[in-house]
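Got your viewer open? Load the model, switch on a cartoon view, and keep the selection box handy for a short walk around.

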Amino acid sequence: MSLNGTVNGDHPISRPLKPGVYAPIPTFFLKDSEDLDIPSFEAHVARIAAAGVSPLIAGTMGEAIHLSHQERTLLIRTTRRVLDEAGLTDVPIVAGTGTGSTRETIELTKEAALAGADYAIVIASGYFAGVLANNKQALKDFWEEVAEKSPIPVIIYNYPGASGGIDLDSDLLTELAITSPNIFGVKLTCGNVGKLTRLAETVSTESFQTKYPRKNSDLPFLVLGGFADFLLPSAFVEGHGAITGLANLAPFTVNKLYNLSEAAKKDLSVLPEVQHLQGIVARADYTIAKTGIAGTKYLIEKLYGYGGVPRKPLPAIESSAGAAVWEHPHTQTLVTIERELSGKLNK
């Protein structure tokens with residue numbers, strides 16, 4: 001069991017989930033066998049964590065749909081070891097545990113907790129989206145049951161693009177925050193800033209937190225974006241940061257953007273700098289996100305010397321398309337800033 005095995009009691013959480021930036025770590029595969037490339041995975045987790053960004057394992061970017069239960073738990077154990085060896089024993093692990101059925105999702109969530117995950121992030125299966133998308137009660141029942149039976153706190157993952165178009169509205173998300181005290185947050189990869197604003201305003205009030213406390217009072221309900229392109233506006237409506245694929249490529253830059261956004265709330269003299277940086281990050285996020293997992297892995301290879309390609313049947317990016325996104329001014333501007341911030345300019 002992970003260190004926060006007392007989550008359902010009144011004891012403090014060992015690794016609290018804090019507002020900030022989280023990176024959905026890609027899963028790397030060996031070229032010929034498609035077996036897990038553990039050395040590359042270890043290097044990447046260490047690299048991201050050194051920039052102050054926390055890892056999310058076996059999410060969409062991690063190709064969770066392509067992983068067995070055993071592979072997911074191996075990646076979680078590996079992540080905990082890498083973090084502990086780096087002295088980052090307080091950094092939490094978020095693990096994707098959504099699968100096809102409620103039963104298997106609960107089973108995998110329990111396995112993830114035993115492997116060392118501190119939090120589970122759960123997406124609805126899109127296989128029967130034609131039935132589920134318009135059945136609010138079925139969706140509510142799904143997350144309520146998973147949260148009730150999970151030994152670790154649960155985050156809702158709202159990503160219509162990976163769940164057959166299922167898109168939870170702010171009313172349903174608010175209801176789940178009210179009825180399920182073991183649900184501790186939501187990731188909005190729907191990119192709906194209005195939804196984020198409504199939900200953040202609701203759960204951030206003192207009256208909401210008093211009336212509907214989490215199962216462990218040390219943890220607030222976090223409202224996290226799924227992209228880095230609206231971190232600044234999110235901060236000003238009491239959002240809590242983002243889980244963003246761009247943090248795999250520019251962790252120092254995205255983390256700085258988050259910190260500056262928070263600082264600007266107290267000191268408006270910071271606003272011009274953070275507005276400029278938000279524009280750079282937003283353009284890069286837009287350009288890079290269009291290339292998907294394959295494009296992100298291509299860019300990781302260019303930057304760090306490892307990356308590879310997705311597990312089949314997901315195709316690799318065409319070399320010409322990869323070169324185009326690498327050479328794109330939006331990408332290169334981001335890379336320059338990241339190298340400056342990480343102290344590796346001209347190296």
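Which helix holds both Glu144 and Lys140, and how many residues apart are they? Select the pair and you'll land in helix α5, residues 136-149, where the two sit four residues apart, about one turn of the helix. Bear in mind throughout that this is a predicted model.

**Stop 1: helix α5**

Show the side chains of Glu144 and Lys140: they form a salt bridge, with the closest N and O atoms 2.7 Å apart. Lys140 counts as buried because its relative accessibility is 11%, and buried means under 20%.

Now add Glu145 and Lys149. This pair makes a salt bridge too, the closest N and O atoms being 2.9 Å apart. Glu145 and Lys149 also belong to helix α5, and again the spacing is four residues, about one turn of the helix. Glu145 is partly exposed, at a relative accessible area of 30%, and Lys149 is partly exposed as well, at 42%.

**Stop 2: a link between distant parts of the chain**

The count of salt bridges comes to 14, so there are others to look at. Try Glu71 and Arg311, whose closest N and O atoms are 2.9 Å apart in a salt bridge. Here the partners come from distant parts of the chain: Glu71 lies in helix α2, while Arg311 is in the loop between α12 and α13 (319-327), 240 residues apart.

Are these two buried or exposed? Glu71 is buried, with a relative accessible area of 17%, and Arg311 counts as buried at 11% relative accessibility.

Before moving on, select Arg15, Arg80, Asp84 and Asp118 together: they are linked in a network of salt bridges.

**Stop 3: the largest pocket**

Next, turn on a surface or a pocket display if your viewer has one. Rolling a probe the size of a water molecule over the atoms shows where empty space is left. The largest pocket has a volume of about 980 Å³. To find its middle, select Thr60, Met61, Tyr157, Tyr159 and Ala162, which are the closest to its centre among the 44 residues that line it.

Then colour α2 (69-85), α3 (102-115), β4 (119-123), α11 (271-289) and α12 (292-304), the elements that each give two or more residues to the pocket's lining. Colour by residue class and the lining divides into 22 nonpolar, 17 polar and five charged residues.

**Stop 4: two cavities**

How many cavities of 30 Å³ or more are there? The count comes to two.

Start with the largest cavity, at about 50 Å³. Its lining is made by Leu249, Ala250, Ile288, Leu299, Leu303, Trp326, Thr331, Leu334, Val335 and Glu338. The elements giving two or more residues to this lining are α12 and α14 (329-341), and α14 gives the most, with four residues. By class, you'll find eight nonpolar residues, one polar and one charged in the lining of the largest cavity.

While you're on α14, click Ile337, which lies in that helix. Ile337 counts as buried, at 16% relative accessibility. Draw a distance from its C-alpha atom to that of Phe252 and the separation is 8.8 Å, although the two residues are 85 apart along the chain.

Now jump to the second largest cavity, which holds about 40 Å³ of space. Select Ile123, Ala124, Trp143, Tyr157, Asn158, Tyr159, Ser163, Ile166 and Leu168 to see what lines it. That lining has seven nonpolar residues, two polar ones and no charged ones. Two of the names may ring a bell: Tyr157 and Tyr159 line this cavity, and they were also on the list of residues closest to the centre of the largest pocket.

**Stop 5: out to the surface**

For the last selection, pick Tyr127, Phe128 and Val131. These residues form a nonpolar patch on the surface, and together they have about 410 Å² of accessible area. Val131 lies in helix α4, residues 129-132. Why does Val131 count as exposed? Its relative accessibility is 56%, and exposed means over 50%.

Note on methods: Residues are numbered from 1 along each chain as its sequence is written. This is a predicted model: local features need pLDDT of at least 70, side-chain atom pairs count only at pLDDT 80 or more; totals for chains, interfaces and linings use all residues. Side-chain values use heavy atoms; hydrogens and water are left out. On a 1 Å grid over the protein atoms alone, a cavity is a set of points where a 1.4 Å probe fits but cannot get out, and a pocket is an open set with protein on both sides within 12 Å along at least five of seven lines; lining residues have an atom within 4 Å of a point. Grid points are joined across faces, edges and corners, and a volume is the space filled by probe spheres set on the points. Ala, Val, Leu, Ile, Met, Phe, Trp, Tyr, Cys and Pro count as nonpolar, Asp, Glu, Lys and Arg as charged, and the others, Gly among them, as polar. Patches are made of residues with over 30% relative accessible area and no salt bridge: like charges are joined within 9 Å, nonpolar side chains (Val, Leu, Ile, Met, Phe, Trp, Tyr) within 5 Å. Accessible areas come from the Shrake-Rupley method with a 1.4 Å probe; for residues, only the protein chains shown count as cover. A salt bridge is a side-chain nitrogen of Lys or Arg within 4 Å of a carboxyl oxygen of Asp or Glu. Buried means under 20% relative accessible area, exposed over 50%, partly exposed in between (1.4 Å probe, protein chains only).
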